[in-house]
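Trainee: Could you take me closely through the place where the two chains meet, and then through the strands that lie in each chain? I would like one connected account that I can follow with the model open.

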Amino acid sequence: MRAILAGTAASLLLVLAIVLGSRLLREFHAALLPYAVATVLLAFGVAYRGTVRFLSPGARRLSEADRHGCFLRRNLGRAPGSLPRAMAAYFGFQALPRAGSRARRAAYQLVLWGCVLAVLITFPLAWGWVTFTADSAAGPGYEMRIWGMELLGFDALGFFGSVMFRGLDLAAVLVVAGASYLLWRQKRDCAVHTGQRFACGLVPLVALVVVSVTGLLLPFSSLFLHGGGYRVLAIGHTASVVFTLGHIAFGTLVPRNARPRRPGPAVPGALPVVRSNGADVR
Amino acid sequence: MSVTHQPPADDPMPDAARQALRDRTAAHPPTTRRDCLRVIATVSGGLAAGGVAVAAGALHRHADAVEPPEPKLVAERLEPGASVTFRFPGEEDRALAVRLPDGTLVGYSAVCTHLACAVLWRADRGMEGELLCPCHEGVFEVRTGEVTAGPPPRPLPRIVMDEDADGAVWAVTAIRSGESAKDAWCRQFADRAPEQAVELGCPGARTPRVTEGRV
């Protein structure tokens, strides 16, 4: 019940943010509705799942052990730095243990930064927070506005404008490269390193590749086919994105045989989980 | 004793390890078929609800006015090849007007029908210029507003422009994307001018009754 409440609260908060951020839906675009709905469900799923997970007896015992370990004298000095260390490790500034070869680490980083870039671009657009306007009909001056306020002005037909409008294509290329490599190496690597996490799941990687490829087909249609087949491609892309976000929210991301030994980051220097009897269960 | 009835062997797994295994399993509940069906139903329901909200008119339609708009002065003069931006019919509705080289005056909503980026007038493209949305390379024909290339699904909403004797340029009314001028007139002005509505054949238009007083 608490999980449902948490999920509902997260969804309602996001809906409120969408309504207010899009200036009472004035800047909200109907074509982006499926993406916005998918993000609302994603918010529900992530909050629901996180609450279920952290309230489950096993996780609760582990978090109690974490708390206990955190306040042990020998860990006190390291405790404040553990979260920044985990973040630095996941964002590629530090090598994760069991991350595999250099190529594999690079593939992880490509997928990660491709996804981060795509989320930063698409989520505010889908929520109606970001709009592009022009004060002069002949251009090329363009204004990027967030919540109705001007954020930056640029030349829509210049180099910066091209990069701005091609950000998602770049993200798709990064993700395709990284996810394809991980898929290619999956059979061998996952047989060897059972500690690997999402890269051992087939569905998330395939879903990311499908989203990226269908996303790249859209500019291909615009640039080389004069928009031919765009609507069909756009529907396919929307369906793949909605499926992927739904899968992140509710699906099984990590196969059971590839799950980490305990919830939480596998980071060098992270706090060991110490039980009250002093046993290290890591 | 038969081989099928073996006494339970000593459990090689110590309690702490067993507890840790149980903890790990409990922390990752598996996704069941019922969960999957629930997800599909929730996602579909969310999309259906959103679609119904859009169909019911919950979202603002660009270049659309609830009330018939008042004519608006947008420029004192517009030379051939020049363009101007303005807000019409509402203060939030961005629009542009272009004077073509042959003197024709055209006006459109400046909001792309694809994903609502701003539309620019490019005099150097095409035979007599084009309306371009740089976000996704959407191109509109400048005389009609029809889509000639790129992803926009519908033509641009038109703004009816007029020019007075002094050369001042006015925005008169807005025509929805894909709507005919007659339908736009009937939608906005049939109530104000019922006789003309009958002449034009607006749907639902009736000749106004003349009330006669008894002598």
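Mentor: I will begin with the contact between the chains and then turn to the sheets and to two points of the backbone.

Please keep in mind throughout that this is a predicted model. Where the chains meet, 50 residues of chain B are in contact with 51 residues of chain A. The size of an interface is often given as the accessible area lost when the parts come together. By that description, chain B and chain A bury about 4,200 Å² between them, and 63% of this area is on carbon and sulfur atoms.

Charged and polar pairs are also found across this contact, with a count of 3 salt bridges between chain B and chain A. A salt bridge links A:Asp135 to B:Arg94, whose closest N and O atoms are 3.7 Å apart; this falls inside the limit, since a side-chain nitrogen of Lys or Arg has to be within 4 Å of a carboxyl oxygen of Asp or Glu. For polar contacts, the count between the two chains is 10 residue pairs, with both residues at pLDDT 80 or more.

If you look at the side of chain B that touches chain A, the elements that give two or more residues to it are helix H1 (15-27), helix H2 (33-55), strand E2 (83-87), strand E3 (94-99) and strand E5 (120-122) of chain B. Of these, H2(B) gives the most, with 8 residues. By residue class, this side of chain B divides into 27 nonpolar, 16 polar and 7 charged residues.

Strand E5 of chain B leads us to a sheet, an open one in which 4 strands of chain B follow the order E5-E6-E7-E8 with antiparallel pairing. E5 and strand E8 (147-149) of chain B stand at the edges with a single partner strand each, so one side of each has no neighbour in the sheet. Neighbouring strands here are turned by 40 degrees against each other on average, direction ignored. Towards the E8 edge, strand E7 (residues 138-141) of chain B is joined to E8(B) by 2 bridges and runs antiparallel to that strand, and B:Phe140 stands opposite B:Val147 in E8(B).

Chain A has an open sheet of 3 strands in the order E1-E2-E3, again with antiparallel pairing. Its edges are strand E1 (130-133) and strand E3 (149-155) of chain A, each with a single partner strand, so one side of each is left without a neighbour in the sheet. The twist from one strand to the next averages 25 degrees. E1(A) pairs with strand E2 (residues 141-146) of chain A over 4 bridges in the antiparallel sense, and there A:Phe132 has A:Met144 in E2(A) as its bridge partner.

Finally, most residues other than glycine have a negative phi, and most peptide bonds are trans. A:Trp147, in the loop between E2 and E3 of chain A, has a positive phi of about 50 degrees although it is not a glycine. In chain B, the peptide bond from B:Phe88 to B:Pro89 is cis, with omega near -5 degrees, and B:Pro89 lies in the loop between E2 and E3 of chain B.

Definitions and conventions. Residues numbered from 1 in each chain as written. Chains lettered and ligands numbered in written order. Predicted model: local features only at pLDDT ≥ 70, side-chain atom pairs only at ≥ 80, totals over all residues. Heavy atoms only, no water. Contact = heavy atoms within 4.5 Å. Buried area = accessible area lost by both parts, 1.4 Å probe. Polar contact = N/O pair within 3.5 Å; in protein donor to acceptor, adjacent residues only side chain to side chain. Nonpolar A, V, L, I, M, F, W, Y, C, P; charged D, E, K, R; others polar. Pairing = 2+ DSSP bridges. Axes fitted to C-alpha atoms, helices over the stretch in contact; angles between N-to-C directions.
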